Amino acid sequence: FTNEEVYHLYNRGVDGRNITEEVADSLHFLDCLREFNRTDPIGSLYLLSFEKDISKKNQRKREPLVKIIAYCLNPNHFHIILEQLVDRGVEKFIHKLCTSYAMYFNHKYNRKGSLFQGKFMAKHIYDNDYLLHTSAYVNLNDRVHQLRGKASQLVRNSWEQYITSKVGLAQQGLVLEQFRNRTEYKEFALDSLELMLAAKDEARDLKFSDLEFE
């Protein structure tokens, strides 16, 4: 990973299992995204992972490891678009995030072993066109997978930040500066969604299931 370069990271639960079971889990995952994006030591990951609101654990100014551009947490997998800010920032951030969240989840649900399916996957986002389409894919990932019912209630993503002025984790400037306004981005993303769903249906018809970000 190279500083000032942008990457798409993703991983899923081991054997496709859920990594969130209730809304509190998905909210805790967002707390982990926020709190563990820092270069300085934060003490015991194990103990900190059980704080009800770990974002309040330490409010002093911190140096971030990465810039989070967009994200989506679905019940059994996550996607994050980020820019590396310091050497080994991506590696350190994702290790802290996944380790601490797995500790929390395993303790809460009385389980042992790996929660995530091996090492996280990463793709270098090498140009603006790739960035824009990947941002649409990540922001609308729950719609790509057509999640319904309880599954949809567990989803957390940066979509609302992109189409409204809502404050959150994502720093959207790199994407939104390429559009006249948020409405134009929304239209672009929804058009991209239609193409993604059509491509997914075509792949299913051809019995070809290994889409790039399936």
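**Figure 1. The second largest pocket of the predicted model has a volume of about 280 Å³.** The structure shown here and in the following views is a predicted model. A total of 16 residues line the second largest pocket. Nearest its centre lie L30, Y71, N157, K166 and G168. Three elements each give two or more residues to the lining of this pocket: α1 (23-35), β5 (156-157) and α7 (159-163). Of these, α1 provides the largest share, with 4 residues. Sorted by class, the lining of the second largest pocket consists of 7 nonpolar, 4 polar and 5 charged residues.

**Figure 2. The largest cavity is lined by residues that include F29, Y71 and H79.** The structure holds 1 cavity of 30 Å³ or more, and the volume of the largest cavity is about 30 Å³. Its lining is made up of F29, L30, L33, Y71, C72, L73, F78, H79 and I80. At least two of these residues come from each of α1, β2 and β3. By class, 8 lining residues of the largest cavity are nonpolar and 1 is polar, with no charged residues. L30 and Y71 line this cavity and are also among the residues nearest the centre of the second largest pocket. One of the cavity-lining residues, C72, is buried, with a relative accessible area of 1%.

**Figure 3. An open sheet of 5 strands is arranged in the order β4-β1-β3-β2-β5.** The pairing in this sheet is antiparallel. At the edges stand β4 (121-125) and β5, each of which has a single partner strand, so one side of each is left without a neighbour in the sheet. The protein as a whole has 9 helices and 5 strands. Read from the N terminus, its elements follow the order β-α-α-β-β-α-β-α-α-α-β-α-α-α. Of the 214 residues in the protein, 46% are buried.

**Figure 4. Strand β1 (residues 6-12) pairs with β3 and with β4.** The pairing of β1 with β3 is antiparallel and comprises 7 bridges. Within it, Y10 has H79 of β3 as its bridge partner. H79 is also one of the residues that line the largest cavity. Between β1 and β4 there are 5 bridges, again in the antiparallel sense. Here V6 is placed opposite I125 of β4. Strand β1 is mostly covered, with 6 of its 7 residues buried.

**Figure 5. Strands β2 (residues 66-73) and β3 (residues 77-84) are paired over 7 bridges.** The two strands run in the antiparallel sense. One bridge links V66 to its partner Q84 in β3. Both β2 and β3 also supply at least two residues each to the lining of the largest cavity.

**Figure 6. C32 and C98 are not joined by a disulfide, because their sulfur atoms are 9.5 Å apart.** The cysteine sulfur closest to that of C32 is in C98. A disulfide requires the two sulfur atoms to be within 2.5 Å, so the separation of 9.5 Å is too far for a bond. The count of disulfides is 0. C32 is buried, with a relative accessible area of 0%.

**Figure 7. R17 and E21 form a salt bridge.** The closest N and O atoms of this pair are 3.2 Å apart. E21 is partly exposed, at a relative accessible area of 27%. R17 also counts as partly exposed, at 27% relative accessibility. Searching the whole structure gives 9 salt bridges. Side chains of opposite charge can pair when their charged atoms come close.

**Figure 8. A salt bridge joins the side chains of R38 and D40.** The distance from N to O is 3.1 Å. R38 and D40 are both buried.

**Figure 9. E91 and R88 meet through their side chains in a salt bridge.** The N to O distance is 2.8 Å. E91 is partly exposed, with 38% relative accessibility. R88 is likewise partly exposed, with 48% relative accessibility. Elsewhere, E22, D25 and K108 are joined into one network by salt bridges that share partners.

Note on methods: Residues numbered from 1 in each chain as written. Predicted model: local features only at pLDDT ≥ 70, side-chain atom pairs only at ≥ 80, totals over all residues. Heavy atoms only, no water. Buried < 20%, exposed > 50% of the residue type's maximum accessible area, 1.4 Å probe, protein only. Salt bridge = Lys/Arg side-chain N within 4 Å of Asp/Glu carboxyl O. 1 Å grid on protein atoms, 1.4 Å probe; cavity = no way out; pocket = protein on both sides within 12 Å on 5 of 7 lines; lining within 4 Å. Points joined across faces, edges and corners; volume = space filled by probe spheres on them. Nonpolar A, V, L, I, M, F, W, Y, C, P; charged D, E, K, R; others polar. Pairing = 2+ DSSP bridges.
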